[in-house]
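Q: Please take a close look at one part of this model and at the elements that surround it. I should like every term to be given with its cut-offs.

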Amino acid sequence: MALDPSFIGRTYPPTEPYEVGREKIREFAVAVGDHNPAYTDPEAATSLGHPDVIAPPTFPFLITYRAAAQVVEDPELGLDFTRVVHGDQKFTYTRPVRAGDRLSVDVTIDNIKSLAGNDVLTVRGEVTDATGEHVVTSVMTLVARAADEAGE
């Protein structure tokens, strides 16, 4: 059954703050194979004008994906997560994520459409720091694959 487009514009409560630590940034940089010293060396980061190490550009996926769980788990929406694949991800930055940031995410359903029987859901996460300053916007596209004729 197709998702109800009346959910477009639905906003969910902000997440609890996530404290960004140097070690989490380092672990993420190692995991994605990015050896930029600004991710691991405070001196390298400050020489580039940052107050501390910064996170790789895709780091916010960690917290925005968790925040998007509010959408995925919304019983009123009725999304069958067993059929969902991650279709796309985009980030638009105001400034880099830095060690010491306490980040919260406000999630909104931006779009719902049906393509070839598949539901395509666009979820936007607005990431702000503890002062309310915008840091990054995440736009995630989820595709709920259509059930085949056998009902699987």
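A: The account below takes helix α3 as its part, then turns to the loops on either side of it and to the strands that cover it.

The model is predicted, so local features are reported only at pLDDT of at least 70 and side-chain atom pairs only at pLDDT 80 or more, whereas totals for chains, interfaces and linings use all residues. Residues are numbered from 1 along each chain as its sequence is written, and side-chain values use heavy atoms, without hydrogens or water.

Helices (H or I, at least four residues) and strands (E, at least two) are DSSP runs numbered from the N terminus. Helix α3 covers residues 61–72, 12 residues in all. The expected span of a helix is 1.5 Å times one less than its number of residues; for α3 this gives 16 Å, and the 15 Å between its end C-alpha atoms agrees.

Burial is judged by relative accessible area: buried is under 20%, exposed over 50%, and partly exposed in between (1.4 Å probe, protein chains only). The buried residues of α3 are Ile63, Thr64, Ala67, Ala68, Val71 and Val72. Leu62 also belongs to this helix, but at a relative accessible area of 30% Leu62 is partly exposed. From the C-alpha atom of Leu62 to that of Asp74, 12 residues along the chain, the separation is 20 Å.

The loop between α2 and α3 offers several side-chain pairings. His50 has its place in this loop and is buried, at 19% relative accessibility. Apart from its neighbours within four places in sequence, His50 is in contact (heavy atoms within 4.5 Å) with Ala45 and Pro96.

Aromatic pairs join rings of Phe, Tyr and Trp (its six-membered ring) whose centres lie within 6.5 Å; planes under 30 degrees apart count as stacked, over 60 as edge-to-face and the rest as tilted. The structure has 2 such pairs. In the pair of Phe28 and Phe59, the ring centres are 5.4 Å apart and the planes stand at 80°, so the arrangement is edge-to-face. Phe28 sits in helix α1 (residues 22–32) and Phe59 in the loop between α2 (42–47) and α3, so this pair ties together parts 31 residues apart in sequence. Both Phe28 and Phe59 are buried.

Charged pairs also involve the loops on either side. Side chains of opposite charge can pair when their charged atoms come close. A salt bridge is a side-chain nitrogen of Lys or Arg within 4 Å of a carboxyl oxygen of Asp or Glu, and by this rule there are 12. On the side of Glu76, a salt bridge joins that residue to Arg10 at 3.2 Å, N to O. Because Arg10 lies in the segment before β1 and Glu76 in the loop between α3 and β3, the pair ties together parts 66 residues apart in sequence. Arg10 is partly exposed at 29%, while Glu76 is exposed at 56%. A further salt bridge joins the side chains of Arg22 and Asp52 at 2.9 Å, N to O. Here Arg22 in helix α1 is linked to Asp52 in the loop between α2 and α3, 30 residues away. Arg22 is partly exposed at 46% relative accessibility, and Asp52 is buried with a relative accessible area of 14%.

What covers the buried residues of α3 includes β1 (11–12), β2 (18–19), β3 (84–93), β4 (102–115), β5 (118–128) and β6 (134–144). Of these, β5 has 8 of its 11 residues buried, so this strand is largely enclosed by the rest of the structure. Strands pair if DSSP finds at least two bridges between them. β4 and β5 run antiparallel and are joined by 11 bridges, with Val107 having Gly125 of β5 as bridge partner. These two strands form a hairpin with 2 residues between them. Ala116 lies in the loop between β4 and β5 and is exposed, with a relative accessible area of 79%. Most residues other than glycine have a negative phi; Ala116 has a positive value near 50°.

β5 also pairs with β6, in the antiparallel sense, over 10 bridges, and Thr122 stands opposite Thr141 in β6. This hairpin has 5 residues between its strands, and Gly132 in the turn has a positive phi of about 90°.
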